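Hi,

Here's the structure I said I'd pass along. Have a look, and my notes follow below.

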Amino acid sequence: MMTRRITQLLIGLAMYGISLAMFIRAGLGLDPWDVFHQGVAGKIGWSIGTVVVVVSFLVLLLWIPLRQMPGVGTLANAVLVGVFADIGLALIPAFSHLGGQIAMLAGAVVLNGIASACYIGARLGPGARDGLMTGLARRTGWSVRLSRTLIEVVVLGVGWLLGGSVGAGTVVYALAIGPVVQLLLPLFTVPVKAPKAAPEAVPAAP
């Protein structure tokens, strides 16, 4: 099972990075965190993959007061998504025709959903940004939905002010990614074996 979990995790993170590159090449808008990543990259001149990696580790520092513990998947996520985003950007051309942009956006949403189901289903630790959301909810008593909304509104606003791409793709991602992941997650969730029950004690002879 561990071999499958690690393999699924690595494939999922690679696909996640490629899907990020596809969103960028579609040119129709990004999800909130990637609007922020793109805005920062544009201001400081780094590749977006480098920004994704650096921001991931900065977000992990916020886990400390929230008493969150990273897993193997958390650390792999922090590194590999950014690496594969840059690889995808080097290989995938930009589209100027609207039909090609829409097709690229649709493919990015589907691939992102598969990737998310793969790495979440591997059960090896949440991504830095997901852990921030759940940790904040646990420490404040807020709902996960409220925590996520507040975080994403902030990063979206800052990213937009920095020049990140907000558009129809941002809305499509917000509406579609939840249902896509929910549909696919049961297919990729690795079952965890329940611990064997301790044998019942044999009563002592009278």
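First off, keep in mind that this is a predicted model.

I'll start at helix 1, since that's where the chain gets going. Just after that helix, Gly-27 takes a positive phi of about 70°. Helix 1 itself covers residues 2-26, and its length checks out: 25 residues at 1.5 Å each should span 36 Å, and the end C-alpha atoms are 36 Å apart, so the two agree.

Now the pocket, which you'll probably want to open up. The largest one has a volume of about 1,000 Å³. It is lined by 39 residues, and those closest to its centre are Tyr-16, Asp-130, Arg-148, Glu-152 and Tyr-173. Which helix supplies the largest share of that lining? That's helix 7, with eight residues. Still, the lining is spread around: helices 1, 2, 3, 4 (72-91), 5 (98-121), 6 (128-140), 7 (144-161) and 8 (168-188) each put in at least two residues.

Then there's the surface. Ile-44, Trp-46, Val-54, Leu-58, Leu-61 and Ile-64 make up a nonpolar patch there, and together they have about 590 Å² of accessible area. Helix 3 (residues 48-66) is the biggest contributor to the patch, giving four residues. If you're wondering how residues from one helix can face a common side, an α-helix has 3.6 residues a turn, so residues three or four places apart point the same way.

Ile-44, on the other hand, sits in helix 2 (residues 32-44). Its relative accessibility is 44%, so Ile-44 counts as partly exposed, a class that runs between 20% and 50%.

Cheers

Definitions and conventions:
Residues are numbered from 1 along each chain as its sequence is written. This is a predicted model: local features need pLDDT of at least 70, side-chain atom pairs count only at pLDDT 80 or more; totals for chains, interfaces and linings use all residues. Side-chain values use heavy atoms; hydrogens and water are left out. Patches are made of residues with over 30% relative accessible area and no salt bridge: like charges are joined within 9 Å, nonpolar side chains (Val, Leu, Ile, Met, Phe, Trp, Tyr) within 5 Å. Accessible areas come from the Shrake-Rupley method with a 1.4 Å probe; for residues, only the protein chains shown count as cover. A salt bridge is a side-chain nitrogen of Lys or Arg within 4 Å of a carboxyl oxygen of Asp or Glu. Buried means under 20% relative accessible area, exposed over 50%, partly exposed in between (1.4 Å probe, protein chains only). The expected span of a helix is 1.5 Å times one less than its number of residues. On a 1 Å grid over the protein atoms alone, a cavity is a set of points where a 1.4 Å probe fits but cannot get out, and a pocket is an open set with protein on both sides within 12 Å along at least five of seven lines; lining residues have an atom within 4 Å of a point. Grid points are joined across faces, edges and corners, and a volume is the space filled by probe spheres set on the points.
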